[in-house]
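Let's take a walk through this structure together, starting from one spot and working outward. Have a look at the sequence and the model before reading on.

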Amino acid sequence: MVFAQIPAAIPAAISALAQQLRRLAALGLALALCLGLAACDGSQGKKPPSISPEDMALIERQAEGFLAARNRLPELAALVNDRNWVFTANLIHGPMQEVGREMSYINQRLLPADRPEAEKRASALKTAFAQLDEAAKLQDGDKLRKAYIKVASGFGLYAQVLPAQVQQDLKQA
């Protein structure tokens, strides 16, 4: 009686084992396909992201204005040293007022990975300008001098985020 049940149980066991093997084979095939597709995604031959020629031209145009304002730092330094409150404010609100807009246009065209640092440096420079303006309004020579140092270093730090091609084209490398 026990032997009579064995032959009936063997085909059921073989069928269950075959079904498990088919599932395991399907899982192995799916895993092999996933790994094969990941290995062939084309990232090895892909070029690193780059700035388009149109964006590079716009960055260069805006960088010219930024660097023109930076070139006026000696003039601003002389006004700060002389504690010339009126002309310091005039220079900030006149020839140097476009610096924030120029940095904003530049930041929009930079590579996405470079934007956060550029935004941080631009914000620091804008804050330094605001402090310089406030010191001129208050006619506080000590604050004026400290704020000028922040403005001058802010120009230098922001100039470093300009793409190398722009720096080279504008002889700033």
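Is Thr-88 buried or exposed? Keep in mind that this is a predicted model. Thr-88 has a relative accessible area of 0%, and buried means under 20%, so Thr-88 counts as buried. You'll find Thr-88 in helix 4. Setting aside residues up to four places away in sequence, Thr-88 touches Leu-76, Leu-79, Val-80, Leu-132, Ala-136 and Leu-144.

Now step back and take in the whole chain. The protein has eight helices and zero strands, so if you trace the elements from the N terminus on, you read α-α-α-α-α-α-α-α. There are 173 residues in the protein, and buried ones make up 30% of them. As for the outside, the protein exposes about 11300 Å², with carbon and sulfur atoms supplying 60% of that area. What about contacts along the chain? Take the contacts between residues at least 6 apart in sequence: 72% of these join residues at least 24 apart.

Next, the inside. The largest nonpolar core has 39 residues, and the ones with the most contacts inside it are Phe-66, Leu-76, Leu-132, Val-151, Phe-155 and Tyr-158. The elements that give two or more residues to this core are helix 2 (53–70), helix 3 (73–81), helix 4 (85–93), helix 5 (99–109), helix 6 (115–138) and helix 7 (141–159). Which of them gives the most? That's helix 6, with eight residues.

Two of those well-connected residues may ring a bell: Leu-76 and Leu-132 are also among the residues that Thr-88 touches. Val-151 is worth a look as well. Leaving out its neighbours within four places in sequence, Val-151 is in contact with Leu-73, Leu-76, Leu-125, Ala-128, Phe-129 and Leu-132. So here Leu-76 and Leu-132 turn up once more, this time as contacts of Val-151.

Phe-129, another contact of Val-151, leads us to the aromatic rings. How many aromatic pairs does a search of the whole structure find? Three. One of them is formed by Phe-129 and Phe-155, which meet edge-to-face, 5.8 Å centre to centre with 85° between the planes. This pair links distant parts of the chain, since Phe-129 sits in helix 6 and Phe-155 in helix 7, 26 residues apart. Both Phe-129 and Phe-155 are buried. Together with Phe-66 and Tyr-158, they form one aromatic cluster.

Let's head back out to the surface, over at helix 1 (residues 2–39), where Leu-24 has its place. Why does Leu-24 count as exposed? Because its relative accessibility is 57%, and exposed means over 50%. Leu-24 also belongs to a nonpolar surface patch of about 430 Å², which is made by Leu-17, Leu-21, Leu-24 and Leu-27.

Last stop: the loops. Arg-83 lies in the loop between helix 3 and helix 4, and it has a positive phi of about 55° although it is not a glycine. With 48% relative accessibility, Arg-83 counts as partly exposed. Gln-139, in the loop between helix 6 and helix 7, also has a positive phi of about 55° without being a glycine.

Terms used
Residues are numbered from 1 along each chain as its sequence is written. This is a predicted model: local features need pLDDT of at least 70, side-chain atom pairs count only at pLDDT 80 or more; totals for chains, interfaces and linings use all residues. Side-chain values use heavy atoms; hydrogens and water are left out. Patches are made of residues with over 30% relative accessible area and no salt bridge: like charges are joined within 9 Å, nonpolar side chains (Val, Leu, Ile, Met, Phe, Trp, Tyr) within 5 Å. Accessible areas come from the Shrake-Rupley method with a 1.4 Å probe; for residues, only the protein chains shown count as cover. A salt bridge is a side-chain nitrogen of Lys or Arg within 4 Å of a carboxyl oxygen of Asp or Glu. Helices (H or I, at least four residues) and strands (E, at least two) are DSSP runs, numbered from the N terminus. Buried means under 20% relative accessible area, exposed over 50%, partly exposed in between (1.4 Å probe, protein chains only). A nonpolar core is a set of buried Ala, Val, Leu, Ile, Met, Phe, Trp, Tyr and Cys residues joined through side-chain atoms within 4.5 Å. Contact means heavy atoms within 4.5 Å. Rings of Phe, Tyr and Trp (its six-membered ring) pair if their centres lie within 6.5 Å; planes under 30 degrees apart count as stacked, over 60 as edge-to-face and the rest as tilted.
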